[in-house]
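Here is a walk through one model, starting with a single residue and working outwards. Keep the structure open while you read.

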Amino acid sequence: MLTAMIRIQWKGCRHLVTALAVAAFGLPIASVAAGWHASATSLPRFLSELELWGLLYPGLAAVAALALGTAIWASDRRGHHVYALLLPVARWRYVLLRFAAGLVLLVPVILALWAGAVAATAAIDLPPGLRIFPHALTVKFGLALLLLFSACFAAAAASGRTLGIAVRLLGLFLAVHVAVILLRPGVNLVWMLVSALASWPGPFAPLGGRWMLIDV
Amino acid sequence: MSRRSAATLLMLAAVPPAARAQSASPWADSARRLSSELAALKDSLLRRDSAVIEVARRGDLVISASPGLQAEAARALDRFAAERARWFGSATPSPEGFRIVIRSTAELTWRAAFLTGAREVVLSGLPDSGRAPRGFSNRSWEPLAHPAGLDRVLLEQFAELLYPTTASAIRSWLPGAPPLAMPDIERRREAMRALVTASGAVARRCAAGELGSCAAALGLRGPRLHEGDGPYGTFLRADFLLFALESGGPRAWARLNDPAPADLADRLAAAARMPGDSLLAQWRRGLLSLQPAEAPVRTGGVLLALGWSAAILLGALGLSRWT
């Protein structure tokens, strides 16, 4: 059944997966080609530019996760989940199958990034003092993609009622945030929430840190 | 500004006849002072500074600002005063003190800035003597975009005014003022990258730990290096100068510019209050300690990502109760 699920999802998402794989392959190559001059005096600047390019890796992971996470559930949402409910499989098993098939769709994107990173670093004559991280960067990208895909997948899998409750809770939180800001300008609830989510051991902490393909 | 000029004119008019019999020299001084006051007044009018008022004073520093920038200017003066003491002690470009004017050239309510995009702020500084009506004028967009950056801009402008007064040995070694607008952590990281990636035999030996090569690559000792030896650029020199100043504490700038003749390496060592080799060793060690030790991915990060992914998947199982 997993094979059938993968085939169905591939049919629905192959253009998306191809586009994301091309972007993932091109990103490391573009990041190196844009700033590499092989001159020692420009290396610190090259590394600073590469650091900025590094922000695009979690960005690409977020775009890929959002696109694939929602595309995977698009047909089910259109049919109000009737197809899923008619199948003689438990709901949890159906969700797991969808998730596993989605993970398979992530693999080409991750492999494309790895190939791009290896190609980008193989093309340069590395001066002393610099190290390359094509494999570690790919692992980091894969983990970020997995994490973000899980989050988008969960949101897209939620029922309409659950999503409604989530939206109301979010609206309530923002209203409380505005009220707190007006009463005590130094307290920023949104910032506190974002900090908690993005710092260790928050769920998005793995997105932080260095995204350097080449570093000292 | 206009009040001061008017007061000066009144004082001149009220001088008793006996005093007019004085020698020409005091009169010439008064005329020069009045002339400079008028020049400053004219300059002020041309720059539409009429709405600018004094906001705060810290010792010999004075800050004035346009409406809308006054609270930020007062806060910036505290931070600027602390940073100035950190790098330059009590030195000023002018012995009479230093005045800062922060003037907006646009309506600064957030609504107007949002609608028109006009958020220009002009920083103007002038020694309090009136001898040099405008030491500098800088148009900066940064302060409003990042209010905390205002003191950084002030510090950089202050350094640009002060730096030409430093000892000639220092200026011939490092012609421009050090990059003080850059946050410390960024400057140190940039310097670390320059140190580690420098090519050339001498620079590589310095990276490996040979202090004599560090001194040669920095241009402190020995013959002038060829390009192939990898002499360090002005950025690393500036970082070394700032390191020496910070190591030496509040009087470091004064020791660096001691009027007694001394060579470059001795001045820097005196500023840092330590032997030259110790200064070089500490500077190099400090930069190398900023090298990232760990790989981009750590085991803890892998486990955390997997754990959270599993938890979110479990959540997805619970959320998907379609009916």
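## Around B:Ser64

Setting aside neighbours within four places in sequence, B:Ser64 touches two runs of residues: B:Val52, B:Ile53, B:Glu54 and B:Val55 on the one hand, and B:Arg99, B:Ile100, B:Val101 and B:Ile102 on the other. This is a predicted model, so treat these contacts as computed from predicted coordinates. B:Ser64 itself belongs to strand β2 of chain B, which covers residues 61–65.

Is B:Ser64 buried or exposed? Its relative accessibility is 8%, and because the cut-off for buried is under 20%, B:Ser64 counts as buried.

## The nonpolar core

The largest nonpolar core has 128 residues. The members that touch the most other members are B:Phe88, B:Leu220, B:Tyr232 and B:Leu268. If you look for the element that gives the most to this core, go to chain A: helix α6 (residues 134–157) supplies 13 residues.

B:Phe88 is worth a click. Not counting neighbours within four places in sequence, B:Phe88 is in contact with B:Leu155, B:Phe158, B:Ala159 and B:Leu162, and also with B:Leu180, B:Pro250 and B:Trp253.

## Salt bridges around B:Arg86

Over all chains, the structure holds 15 salt bridges. Side chains of opposite charge can pair when their charged atoms come close. In chain B, B:Arg86 is a good place to see this, as B:Asp184 forms a salt bridge with B:Arg86, with the closest N and O atoms 2.4 Å apart. B:Asp184 sits in helix α8 (residues 184–197) and B:Arg86 in helix α3 (residues 70–88), both of chain B, so this pair ties together parts that are 98 residues apart in sequence. B:Arg86 is partly exposed, at 22% relative accessible area.

B:Arg86 has another salt bridge, with B:Glu246, where the closest N and O atoms are 2.6 Å apart. That pair also links distant parts of the chain: B:Glu246 is in helix α11 (residues 234–248) of chain B, and the two residues are 160 residues apart. B:Glu246 is partly exposed, with a relative accessible area of 39%. Shared partners join these salt bridges into one network made up of B:Glu83, B:Arg86, B:Asp184, B:Arg187, B:Arg188, B:Asp239 and B:Glu246.

## A pair within one helix

Over in chain A, A:Arg45 forms a salt bridge with A:Glu49, and the closest N and O atoms are 3.4 Å apart. Both residues lie in helix α2 (residues 43–54) of chain A, 4 residues apart, or about one turn of the helix. A:Arg45 is exposed at 58% relative accessible area, while A:Glu49 is partly exposed at 26%.

## Chain A as a whole

Chain A has 8 helices and 2 strands, and from the N terminus its elements run α-α-α-α-α-β-α-α-α-β. Its C-alpha trace spans about 65 × 55 × 25 Å along the principal axes. Of the contacts in chain A between residues at least 6 apart in sequence, 78% join residues at least 24 apart.

Chain A has 216 residues, and buried ones make up 42% of them. The accessible surface of chain A is about 10900 Å², with 74% belonging to carbon and sulfur atoms. As for charge, chain A carries 15 positive and 5 negative charges, and their mean positions are 22 Å apart.

Definitions and conventions: Residues are numbered from 1 along each chain as its sequence is written. Chains are lettered from A and ligands numbered from 1 in the order in which they are written. This is a predicted model: local features need pLDDT of at least 70, side-chain atom pairs count only at pLDDT 80 or more; totals for chains, interfaces and linings use all residues. Side-chain values use heavy atoms; hydrogens and water are left out. A nonpolar core is a set of buried Ala, Val, Leu, Ile, Met, Phe, Trp, Tyr and Cys residues joined through side-chain atoms within 4.5 Å. Buried means under 20% relative accessible area, exposed over 50%, partly exposed in between (1.4 Å probe, protein chains only). Contact means heavy atoms within 4.5 Å. Accessible areas come from the Shrake-Rupley method with a 1.4 Å probe; for residues, only the protein chains shown count as cover. Lys and Arg count as positive and Asp and Glu as negative; His and the chain ends are not counted. The place of a charge is taken as NZ of Lys, CZ of Arg, CG of Asp or CD of Glu. A salt bridge is a side-chain nitrogen of Lys or Arg within 4 Å of a carboxyl oxygen of Asp or Glu.
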